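These are my notebook entries on a structure that I had not examined before. I set down what I looked up, in the order in which I looked.

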Amino acid sequence: MGSAMARNILRAGFPLVVWNRTTERCIPLVEEGAEVAAEPASLAGADVVVTMLTDGRAAHSVLVESGLLEKLRPGSVVLEMSTIGPAAVAALATDARRHDVQLLDAPVSGSVSVAEAAELFAMVGGDEGAYERVKPVLDAMTKGHVLLGASGAGAAMKLAVNGMIAVANESIAETLVLAERFGIERERVYDVLAGGVLASPFLLYKRRAFLSPDTEPVAFTTELMRKDASLAEALAAELDVRLPTLAAAVAVLEEALRHGLGDADMASVISVLGGDPQPSRQSLNPTT
């Protein structure tokens, strides 16, 4: 995901310095004109730093523990584009302000293939002036972006969106299993869903994951979906909001994890509902 986003920044004509904990992953970008940093703190000369990481701990490690935030020039902007939740964002934003650095939370909606096509959508929270300055960078990576409010607003919106995705994923699986158990072929069931009023880009995009899981690359793992759903549940508890359908979806995700499906695509919940859970194939750099 991060590699695809970085490549689109490079293609837009920006000078680019990249860093990854696994240096070999930077090689294709270096071959296309990027420079590689030996450590996060080596990015200190950048006007804009973009992070796309697994969780809040990784973001804190890269931005704070590495010393990067304290070495950035005053006025620099960090685009934190991971799915880490508003609590983690608040802590990072506080650390950034101590060094006169602006941190925008700008998580994205979309998969690896969507990132490759520069068609992600970014949900942004933070300072309006900083947002205006980084719009050209966001334009390079996305088909659209919106400033939703103060720091944390983008992170909160992403959790709401991913909670809905978890529920939609579960609903598709339940519909397929119920109709299939009656005797209707799974592919025909999907044809009905794709041609009816409930058709959506997500439903169409997940077709192969539900119908041909053995040949379809993993786009978003069960483990990452459970992580995001946990963050959404924590936010809901903080705001005193009931999310009963998300709780039901989470219960099935947890069952899938117990069956060893953590690295499988989140569509693998269908095997749990159908009573035939199968171990996963390898993940293909899933989204956050």
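**Entry 1. Confidence**

I began with pLDDT, which is the predictor's confidence in each residue, on a scale from 0 to 100. I note at once that this is a predicted model. The mean pLDDT of the chain is 93, and 95% of its residues reach 70 or more. I then looked for a stretch of low confidence and found residues 279-288, over which pLDDT stays under 50. For that stretch the model has 45 contacts beyond four places in sequence.

**Entry 2. The nonpolar cores**

I asked which residues have the most contacts inside the largest nonpolar core. They are I172, L176 and F210, in a core of 32 residues. I next recorded the helices that each supply at least two residues of this core: α8 (153-182), α9 (186-195), α10 (201-205), α11 (207-211), α12 (222-239), α13 (244-258) and α14 (269-273). Helix α8 gives the largest share, with 7 residues.

I took L176 as a case to follow. Setting aside its neighbours within four places in sequence, I listed its contacts as R186, V189, Y190, L193, F210 and I270. A second core, separate from that one, has 29 residues; M1, L16, V18 and C26 are among them.

**Entry 3. Strand β7 and its partners**

I turned to strand β7, residues 120-125, and asked how many of its residues are buried. The count is 5 of 6, and the strand is thus recorded as mostly covered.

I then looked up its pairings. Strand β6 (residues 108-109) is joined to β7 by 2 bridges, and the two run antiparallel. In this pairing S109 stands opposite F121 of β7. With strand β8 (residues 142-149), β7 pairs in the parallel sense, over 6 bridges. I noted one partner in β8: G149 is bridged to G125. Together with helix α7 (residues 128-141), the strands β7 and β8 make a right-handed β-α-β unit.

I examined one residue of β8 in detail, namely V146. Its C-alpha atom and that of M123 are separated by 5.6 Å, although the two residues are 23 residues apart along the chain. Beyond its neighbours within four places in sequence, V146 is in contact with F121, A122, M123, V124 and Y131. Is V146 buried, exposed or partly exposed? Its relative accessibility is 32%, and since partly exposed covers the range between under 20% and over 50%, V146 counts as partly exposed.

**Entry 4. Salt bridges**

Side chains of opposite charge can pair when their charged atoms come close. I counted 15 salt bridges.

I looked first at E32 and R7, whose closest N and O atoms are 2.8 Å apart. E32 lies in the loop between α2 (27-31) and β2 (35-36), while R7 lies in helix α1 (residues 2-11), so this pair ties together parts that are 25 residues apart in sequence. E32 is partly exposed, at a relative accessible area of 39%.

I looked next at R207 and D191, where the closest N and O atoms are 2.6 Å apart. R207 belongs to helix α11 and D191 to helix α9, so the salt bridge ties together parts that are 16 residues apart in sequence. R207 is partly exposed, with a relative accessible area of 23%, and D191 is partly exposed too, with 32%. I also found that R207 and D191 are linked with E185, E187 and R188 in a network of salt bridges.

The last pair that I looked up was K227 and D228, with closest N and O atoms 2.8 Å apart. Are these two residues buried or exposed? K227 is buried, and D228 is buried as well.

**Entry 5. Positive phi values**

I closed with two residues that have a positive phi without being glycine. D100 has a phi near 60 degrees. D100 sits in the loop between α5 (85-98) and β5 (102-105), and with 49% relative accessibility D100 counts as partly exposed. D240 has a positive phi of about 60 degrees. I located D240 in the loop between α12 and α13. Its relative accessible area is 73%, and D240 is therefore exposed, the cut-off being over 50%.

Definitions and conventions
Residues numbered from 1 in each chain as written. Predicted model: local features only at pLDDT ≥ 70, side-chain atom pairs only at ≥ 80, totals over all residues. Heavy atoms only, no water. Core = buried A, V, L, I, M, F, W, Y, C linked by side-chain atoms within 4.5 Å. Buried < 20%, exposed > 50% of the residue type's maximum accessible area, 1.4 Å probe, protein only. Helix = DSSP H or I, 4+ residues; strand = E, 2+ residues; numbered from the N terminus. Contact = heavy atoms within 4.5 Å. Pairing = 2+ DSSP bridges. Right-handed = clockwise from strand over helix to strand, strands pointing away. Salt bridge = Lys/Arg side-chain N within 4 Å of Asp/Glu carboxyl O.
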